[in-house]
Amino acid sequence: MKVIVNDEALMLDEALTLDRLLDKLACQQAGTALAVNQQIVPRDRWTQHALQDGDEIVIFQAIAGG
């Protein structure tokens, strides 16, 4: 399965959920936010959101401002 993560192609041997993808990429940090196909996915759905072939994932750090 092929997905795009932050504009880079990534081949996965198996279907993963978002939380497992972050574990694989070692990106589980406080303040991490995700969008799949330009839709923000709330953190409480990461364990249920299964990736599909061709998904475009953006991983970014949420920054508080004021």
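Biologist: How do β1 and β5 run, and how many bridges join them?
Modeller: In this predicted model, β1 and β5 run parallel and are joined by 2 bridges. One residue to look at here is Ile 4, whose bridge partner in β5 is Glu 56.

Biologist: And on the β2 side, what stands opposite Ile 4?
Modeller: That is Ala 9 in β2. The strands β1 and β2 run antiparallel, with 4 bridges joining them, and they form a hairpin that has 2 residues between the strands. Asn 6 sits in that turn and has a positive phi of about 50 degrees.

Biologist: What is the order of the strands in the sheet?
Modeller: The order is β2-β1-β5-β3-β4, which makes an open sheet of 5 strands with mixed pairing. Because β2 (residues 8-11) and β4 (residues 39-40) each have a single partner strand, they stand at the edges, and one side of each is left without a neighbour in the sheet.

Biologist: Which way does β4 run against β3, parallel or antiparallel?
Modeller: They run antiparallel, and 2 bridges join them. Across that pairing, Ala 35 stands opposite Ile 40 in β4.

Biologist: Now the helix: which strands does α1 lie across?
Modeller: The helix α1 lies across β1, β2, β3 and β5, and its direction makes an angle of about 120 degrees with β3. If you look at β1 on its own, Val 3 and Val 5 make up its covered face, whereas Lys 2 and Ile 4 make up the uncovered one.

Biologist: Which residues of the largest nonpolar core touch the most other members?
Modeller: Those are Val 5, Leu 12, Leu 18, Leu 21, Leu 34 and Ile 57, in a core of 15 residues. At least two residues of this core come from each of β1, α1, β3 and β5, and α1 gives the most, with 3 residues. As general background, nonpolar side chains in soluble globular proteins tend to be buried together.

Biologist: What does Leu 18 touch, leaving out residues up to four places away in sequence?
Modeller: With those left out, Leu 18 touches Leu 34, Val 36, Val 41, Trp 46, His 49 and Leu 51.

Biologist: Changing topic, is Thr 32 buried or exposed?
Modeller: Thr 32 counts as buried, because its relative accessibility is 5% and the cut-off for buried is under 20%. It is found in strand β3, which covers residues 32-36. Leaving aside residues up to four places away in sequence, Thr 32 touches Leu 22, Cys 27, Arg 43, Trp 46, Ile 59, Phe 60 and Gln 61.

Biologist: And where is Ala 26 found?
Modeller: Ala 26 is found in the loop between α1 (residues 18-25) and β3. This residue is exposed, with a relative accessible area of 62%. Ala 26 and Arg 43 are 17 residues apart in sequence, and their C-alpha atoms are 16 Å apart in space.

Biologist: Last topic, charges: how many salt bridges does the count come to?
Modeller: The count comes to 1 salt bridge, in which the side chains of Arg 20 and Glu 14 meet at 3.3 Å, N to O. In general, side chains of opposite charge can pair when their charged atoms come close.

Biologist: What are the relative accessible areas of Arg 20 and Glu 14?
Modeller: Arg 20 is partly exposed, with a value of 40%, and Glu 14 is also partly exposed, with a value of 45%.

Note on methods:
Residues numbered from 1 in each chain as written. Predicted model: local features only at pLDDT ≥ 70, side-chain atom pairs only at ≥ 80, totals over all residues. Heavy atoms only, no water. Buried < 20%, exposed > 50% of the residue type's maximum accessible area, 1.4 Å probe, protein only. Contact = heavy atoms within 4.5 Å. Core = buried A, V, L, I, M, F, W, Y, C linked by side-chain atoms within 4.5 Å. Pairing = 2+ DSSP bridges. Axes fitted to C-alpha atoms, helices over the stretch in contact; angles between N-to-C directions. Salt bridge = Lys/Arg side-chain N within 4 Å of Asp/Glu carboxyl O.
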